[in-house]
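Trainee: Could you take me through some ring and ligand features, one at a time?
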Amino acid sequence: MTTEKPSRRGLLLLISSPSGAGKTSLSRRLVADHADLTLSISATTRPPRPGEEHAREYYFVSDAEFDEMVQAGEMLEWANVHDHRYGTPRAPVMAALEQGKDVLFDIDWQGARSIADNAPDDSVRIFILPPSMHELSRRLHARAQDSLNVIEGRLTRAYGEIAQYRLYDYVLVNVDYDHAYADLAHIYHAERLRRDRQAWLGPFVETLLAEKI
Ligand code: 5GP
């Protein structure tokens, strides 16, 4: 077999869930565990939560800066979510794909749909459900990062987001974090092994068939 690095066609892992279902920590762990997977850092007009850092969780930008990015065509997609705007900067995603990397998006259903419509063969859509609405509420309150008003708004919107689950290829119920993580990693590994994502396979099989024993 050739010793060259096999060429790789990057995939787009689109992960959505209502706030509090565990999407962010599951996503970040998957990225930390896989060198070929990179996280798309979104831009948002919402203010940072305690502990969040600019350019780590999000690019926290003003309304005017967000407008400029949209007008300059710098957003792959953007949407209004929870009274603020969120968008995916295009350049880092393209750069990652050119290097053969996979990109994970922590994104709402509107963004997931828009990206998957534009790149259907390269997109994998995963939705994470909470075990119950009661548990979702408990987790949002326990995280204590948002005011009660904001939490109520997120819970109300959760119903609308959950109703979109049919847009997704895979659906996980996050009852137990480690179990949900194992399922997420299995999905990612299996999707990586799909024949059309292994661009090196054709030439490799040719060398196999040319080999006489
Ligand atoms: P949060 O304020 O809890 O960080 O995020 C709120 C929602 O916005 C989540 O559902 C998150 O997935 C979504 N979101 C984050 N970044 C983007 C983005 O770039 N585009 C879209 N469409 N949604 C995003």
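The talk below goes from aromatic rings to the ligand.

Mentor: This is a predicted model, where local features need pLDDT of at least 70, side-chain atom pairs count only at pLDDT 80 or more, and totals for chains, interfaces and linings use all residues. Residues are numbered from 1 along each chain as its sequence is written, and side-chain values use heavy atoms, with hydrogens and water left out.

Trainee: How many aromatic pairs are there?

Mentor: A pair of aromatic rings is described by the distance of the centres and the angle of the planes. Rings of Phe, Tyr and Trp (its six-membered ring) pair if their centres lie within 6.5 Å; planes under 30 degrees apart are stacked, over 60 edge-to-face, and the rest tilted. That rule yields five aromatic pairs. Trp-200 and Phe-204 form a tilted pair, because their ring centres are 5.5 Å apart and their planes stand at 55°.

Trainee: Are Trp-200 and Phe-204 buried or exposed?

Mentor: Buried means under 20% relative accessible area, exposed over 50%, and partly exposed in between (1.4 Å probe, protein chains only). Trp-200 is partly exposed at 24%. Phe-204 is partly exposed too, at 23%.

Trainee: Which residues do ring pairs link into a cluster?

Mentor: Tyr-58, Phe-60 and Tyr-86.

Trainee: Which charged end sits over the ring of Trp-78?

Mentor: The test is NZ of Lys or CZ of Arg within 6 Å of the ring centre and within 35 degrees of the ring normal. Arg-85 meets it over Trp-78, 5.7 Å from the centre. Arg-29 lies over the face of Tyr-181, 3.9 Å from the ring centre.

Trainee: Which residues come nearest to the ligand?

Mentor: Near means a heavy atom within 4 Å. There are 18 residues around the ligand, and Ser-42, Arg-46, Tyr-58, Glu-77 and Tyr-86 come nearest.

Trainee: What polar contact does Glu-77 make with the ligand?

Mentor: A polar contact here is a pair of N or O atoms within 3.5 Å. A polar side-chain atom of Glu-77 is 2.7 Å from a ligand nitrogen. The side chain of Tyr-86 has an N or O atom 2.5 Å from a ligand oxygen.

Notes
Polar contact = N/O pair within 3.5 Å; in protein donor to acceptor, adjacent residues only side chain to side chain.
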